[in-house]
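The following note sets out points for consideration on the structure shown below. The points are numbered so that each may be discussed on its own.

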Amino acid sequence: GHLVFSTLHPNDAIGAVARLLNMKVGPYLLAPALRAVVAQRLVRRLCEACREEHVPTAAEVATLRQTPEGTFFEGKGCESCSNTGYSGRLALYEVLSISPAVAEMIIRQASTEELRRTARSEGMTSLSEDGLEKARKGLTSLEEVIRITVAE
C-alpha cells in the first residue's frame, strides 16, 4: 500500500469523512483505505512576558455553553509582543482514528452525528476541548479558542 497525505477544508475531522463521501468516493473504498483524519486550527500563542490570569466572562461562558474550570490567562500587551498580548502560533488538533466500528459506520453511511458519538466514545478529543486544555496551560487565551472553534 501507499501512504497518502491530502488536505481538505471541512470544519472538523468527522466533516472530512462526509466531504470525501460527497466527492463520490465509495464508502466501501473509503473505510478500508483511511487510517486517521486530523483536523488542525492555528491559534495565537500568548506572550509569556505579559500574560496574566483571566477570569472567564459571562459572554465566554455563554459562548462555550459550559463553565470552563481551571486557571486561564490573557495577554496584557507589552513591548516584547508589540502590545498584542500574543507571540507566535500554536496548533489545536482533533484526531479521528478509523477503528473497526468507525469503518463499519462509514460503509453504511451513518450520519456525521453518529460517527461523532462513536469517535467520542472511543476517546476522540474535539478541537474546542484541545483548545480549552491549551488555554488552561496558559499557552493561548479563551478568546482565541472561542474565535477559532465557535463554528464547530
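1. Lysine 24 is exposed, with a relative accessible area of 74%. This residue is placed in the loop between H1 and helix H2 (27–33). Its phi is near 70°, a positive value in a residue other than glycine. Most residues other than glycine have a negative phi. The reader should bear in mind that this is a predicted model.

2. Serine 82 also deserves attention for its backbone. Its phi is positive, at about 55°, although serine 82 is not a glycine. The residue is found in the loop between strand S3 (72–75) and strand S4 (86–97). At 61% relative accessibility, serine 82 counts as exposed. A positive phi of about 80° is taken by glycine 138, which comes just after H6.

3. As to overall architecture, the chain contains 7 helices and 4 strands. Read from the N terminus, the order of elements is α-α-β-β-α-β-β-α-α-α-α. The C-alpha trace spans about 55 × 30 × 20 Å along its principal axes. Among contacts between residues at least 6 apart in sequence, 74% join residues at least 24 apart.

4. On burial and surface, the chain has 152 residues, of which 40% count as buried. Its accessible surface comes to about 9200 Å², and 50% of that surface belongs to carbon and sulfur atoms. Val38, Tyr93 and Val95 make a nonpolar surface patch of about 260 Å². Of these residues, valine 38 lies in strand S1 (residues 36–46).

5. The charged side chains number 18 positive and 19 negative, and the centres of the two sets lie 6 Å apart. The count of salt bridges comes to 9. The next three points take up individual pairs.

6. Which parts of the chain does the pair of aspartate 12 and arginine 116 tie together? The side chains of aspartate 12 and arginine 116 meet in a salt bridge, at 2.4 Å from N to O. Aspartate 12 lies in the segment before helix H1 (13–22) and arginine 116 in helix H5 (residues 112–121), so the pair ties together parts that are 104 residues apart in sequence. Aspartate 12 is buried, at a relative accessible area of 10%, whereas arginine 116 counts as partly exposed at 24% relative accessibility.

7. A salt bridge is also formed between the side chains of arginine 44 and glutamate 144, at 2.8 Å from N to O. Because arginine 44 lies in strand S1 and glutamate 144 in helix H7 (residues 142–149), this pair ties together parts that are 100 residues apart in sequence. Glutamate 144 is buried, with a relative accessible area of 0%. Its partner, arginine 44, counts as partly exposed at 26% relative accessibility.

8. The side chains of glutamate 104 and arginine 108 likewise meet in a salt bridge, at 3.1 Å from N to O. Glutamate 104 counts as partly exposed at 39% relative accessibility, and arginine 108 is partly exposed with a relative accessible area of 44%. Elsewhere in the chain, salt bridges that share partners join Asp12, Glu113 and Arg116 into one network.

9. Which residues of helix H6 (residues 127–136) are buried? They are Leu127, Asp130, Gly131, Leu132, Lys134 and Ala135. The set includes the charged residue types Asp130 and Lys134 alongside Leu127 and Leu132. What covers the buried residues of H6 includes S1, helix H3 (58–64), S3, S4 and H7. Both S1 and H7 therefore appear in this cover as well as in the salt bridge of arginine 44 and glutamate 144.

10. Finally, where does glutamate 69 lie? This residue is in the loop between H3 and S3. Glutamate 69 is exposed, with a relative accessible area of 63%. Between glutamate 69 and proline 56 the C-alpha to C-alpha distance is 9.3 Å, and the two residues are 13 apart in sequence.

Key
Residues are numbered from 1 along each chain as its sequence is written. Side-chain values use heavy atoms; hydrogens and water are left out. Helices (H or I, at least four residues) and strands (E, at least two) are DSSP runs, numbered from the N terminus. Buried means under 20% relative accessible area, exposed over 50%, partly exposed in between (1.4 Å probe, protein chains only). Contact means heavy atoms within 4.5 Å. Accessible areas come from the Shrake-Rupley method with a 1.4 Å probe; for residues, only the protein chains shown count as cover. Lys and Arg count as positive and Asp and Glu as negative; His and the chain ends are not counted. The place of a charge is taken as NZ of Lys, CZ of Arg, CG of Asp or CD of Glu. Patches are made of residues with over 30% relative accessible area and no salt bridge: like charges are joined within 9 Å, nonpolar side chains (Val, Leu, Ile, Met, Phe, Trp, Tyr) within 5 Å. A salt bridge is a side-chain nitrogen of Lys or Arg within 4 Å of a carboxyl oxygen of Asp or Glu.
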